[in-house]
Amino acid sequence: MMLDNLSYYYELFVGLFSASYILSYCLLALFSYYAIKKYLNNKNFIPNNVIIKSNHIPGVSVIAPAFNEGATVVYNVKSLLSLTYPKFEIVLVNDGSTDDTLQKLIKEFDLIKVDFYYQEKIPTNPVRGHYKSTNPLYSKLLVVDKENRKSKADAANVGINSTKYPLFMCTDVDCILKNDTIIKLAKPFIENKKRVIATGAGIRISNSCEVKDGFLVKIHFPKGWYPRFQELEYVRAFLFGRMAWSQINGLLLVSGGLGMFDKEIAIAAGGYWHKSLGEDMELITRMRKYMYDHKLPFLIQYIPESLCWTEVPATKEVLIRQRVRWSRGLIQTLNLHKNIFFNPKYERMGFLIFPYFFMFEFLIPILELIGIVILIISLIVLDIDYIYLIYLTLTVYLFYLIITFISILLDDIIYKNYANTKEIIILVLMAIIEPFCYHPVNVYASLKGYSHFFRQKEQNWGNMQRQGFNTAPKQNQVT
């Protein structure tokens, strides 16, 4: 009798959880549709050329931490300096590089060490010096040399302390940005009456793309299994996830690869936490808490445009290291700010956002593992209605396929990033096999990350080695 009851409650739980998961995605799809439609309708409310010619816009500081980037740092800086915006600076933070990163920067950009009023509003590791160029062409460039702390967050905080403008944009030095990236991310700060404290935008995969001297020359569809699976992930995440949460002002994550922030609020919230493995999510959480604590209205917005290209893990080993860090960063943030859960003070953050991330981001890998264990045990002991479970599994699988197919279709209609129909067909085929080939790897990495957190294993970023870009032929160079 007890086994029969256990079987019944297990089937009921699986059914209810699956139904709530499907319902949540339906709501996200609806919110995402309205957010994208609203953005496209208001896209030209303030034309780019008006912003470019204006003298009354907020200045933006672009912060780019760099560690041992000697091979490409010169090209990366030139690419950042080519961004289009009337009032901006590039703050490159040399995070104690052990190679020739700093020497190459000094030589190429005619840098000299200068007296700089450095106010440590956010505590960081010691700063060795600030460098400016003697060449007027590079007047927008500031290079900061600091001691390494094995933390990108600490380097970003040094950058924040060194900036002069009210907005700062954080990116990775090896990311490739569209020319109008600053304009697109700054627009919400200019257009909205309510205070905008952060903005983000879509990130694409640069694996297999052609890059020349730090500039993206030609976009290619990713080669290799893992980059293509991640292409699916990114499309779903940005079109169905980030845009939906943006519509209801519920964003909890602005990607560390590209995000713009209100400097005053970021500093008041304490800046990036150097011990976090998910420093981007953790900063947004603290900025939101600060605004709620001081009863200040605010917005965090996402832009449905691809403005940044970055290289993603191309092998299973590197992918697992990355996802272990992500999952550990997730549970670290949820645990650190557990007082948010169901706290009326934090409104939708306490009653919607945090519970959602706990249920559908943190718990799902654990529930999947438990489900597999129970199914194995049931083969021996329990009497479970397998037909019911098969139908339920097929329903969830088909729903996942529909969501993925719609994401691919929207992405192609809006951005036209794919060269031909063949690439779209390949993505569709990858989506069909993703739950069987790729999803288990992510589940394993998530569980490993949780294990590291609960065992308090020493945390580090791990070696995220990159394969680099294809070099464009000379006749295809773009200036």
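How many salt bridges does a search of the whole structure find? The search finds 17. Keep in mind throughout that this is a predicted model. The tour begins with one of those pairs and moves on through the sheet, the helices and the hollow spaces.

**Stop 1: a salt bridge between two strands**

Select aspartate 145 and arginine 128. These two residues form a salt bridge, and their closest N and O atoms are 3.7 Å apart. Aspartate 145 belongs to strand S5 (residues 141–146) and arginine 128 to strand S4 (residues 127–133), so the pair ties together parts that are 17 residues apart in sequence.

Now show S4 and S5 in full. The two strands pair in the antiparallel sense, over 5 bridges. To see one such bridge, pick histidine 130, whose partner in S5 is valine 144. Then add strand S3, which runs antiparallel to S4 and is joined to S4 by 4 bridges. Here isoleucine 112 stands opposite lysine 132 of S4.

**Stop 2: the whole sheet**

Widen the selection to the open sheet of 10 strands. Its order is S3-S4-S5-S2-S1-S6-S11-S8-S12-S7, and the pairing is mixed. Which strands stand at the edges? They are strand S3 (111–114) and strand S7 (176–177); each has a single partner strand, so one side of each is left without a neighbour in the sheet. As a general point, strands of a sheet pair through backbone hydrogen bonds, either parallel or antiparallel.

Next, select strand S6 (residues 167–171) together with strand S11 (residues 258–262). Their pairing is antiparallel and spans 5 bridges. Two phenylalanines are partners here: phenylalanine 168 is bridged to phenylalanine 261 in S11.

**Stop 3: helices on the sheet**

Add helix H9 (residues 279–293). H9 packs on the sheet and touches S8, S11 and S12, with its direction at about 25° to that of S11. Then add H7. This helix lies across strand S8 (196–205) and S12, running at about 155° to S8.

Keep H7 on display and bring in helix H10 (residues 316–336). The axes of H7 and H10 come within 11 Å and cross at roughly 30°. On the H7 side of the contact, select Tyr226, Gln230, Glu233 and Tyr234; on the H10 side, select Lys316, Leu319, Gln322, Arg323 and Trp326. By class, this contact has 4 nonpolar, 2 polar and 3 charged residues.

**Stop 4: the cavities**

How many cavities of 30 Å³ or more does the structure hold? There are 2.

For the largest cavity, select Gly202, Phe238, Leu239, Ser306 and Tyr415, which lie nearest its centre among 16 lining residues. The volume of the largest cavity is about 110 Å³. S8, H7, S12 and helix H12 (386–415) each supply at least two residues of its lining. That lining has 11 nonpolar, 2 polar and 3 charged residues.

For the second largest cavity, select Lys152, Ala156, Cys170, Gly256, Tyr272, Glu279 and Asp280, the residues that line it. The volume of this second largest cavity is about 40 Å³. Helix H5 (152–162) and H9 each give at least two residues to the lining. By class, the lining of the second largest cavity divides into 3 nonpolar, 1 polar and 3 charged residues.

**Stop 5: a pocket**

The last selection is the second largest pocket, with a volume of about 530 Å³. Which residues lie nearest its centre? Select Lys38, Asn42, Glu191, Asn192 and Gln301, out of 19 residues that line the pocket. The elements that give two or more residues to this lining are helix H1 (2–42), helix H6 (181–191), helix H7 (225–247) and strand S12 (299–310). Colour the lining by class to finish: the second largest pocket has 8 nonpolar, 6 polar and 5 charged residues in its lining.

Key. Residues are numbered from 1 along each chain as its sequence is written. This is a predicted model: local features need pLDDT of at least 70, side-chain atom pairs count only at pLDDT 80 or more; totals for chains, interfaces and linings use all residues. Side-chain values use heavy atoms; hydrogens and water are left out. On a 1 Å grid over the protein atoms alone, a cavity is a set of points where a 1.4 Å probe fits but cannot get out, and a pocket is an open set with protein on both sides within 12 Å along at least five of seven lines; lining residues have an atom within 4 Å of a point. Grid points are joined across faces, edges and corners, and a volume is the space filled by probe spheres set on the points. Ala, Val, Leu, Ile, Met, Phe, Trp, Tyr, Cys and Pro count as nonpolar, Asp, Glu, Lys and Arg as charged, and the others, Gly among them, as polar. Two strands pair if DSSP finds at least two bridges between them. Contact means heavy atoms within 4.5 Å. Axes are lines fitted to C-alpha atoms, for helices over the stretch in contact, and angles run from 0 to 180 degrees between N-to-C directions. A salt bridge is a side-chain nitrogen of Lys or Arg within 4 Å of a carboxyl oxygen of Asp or Glu.
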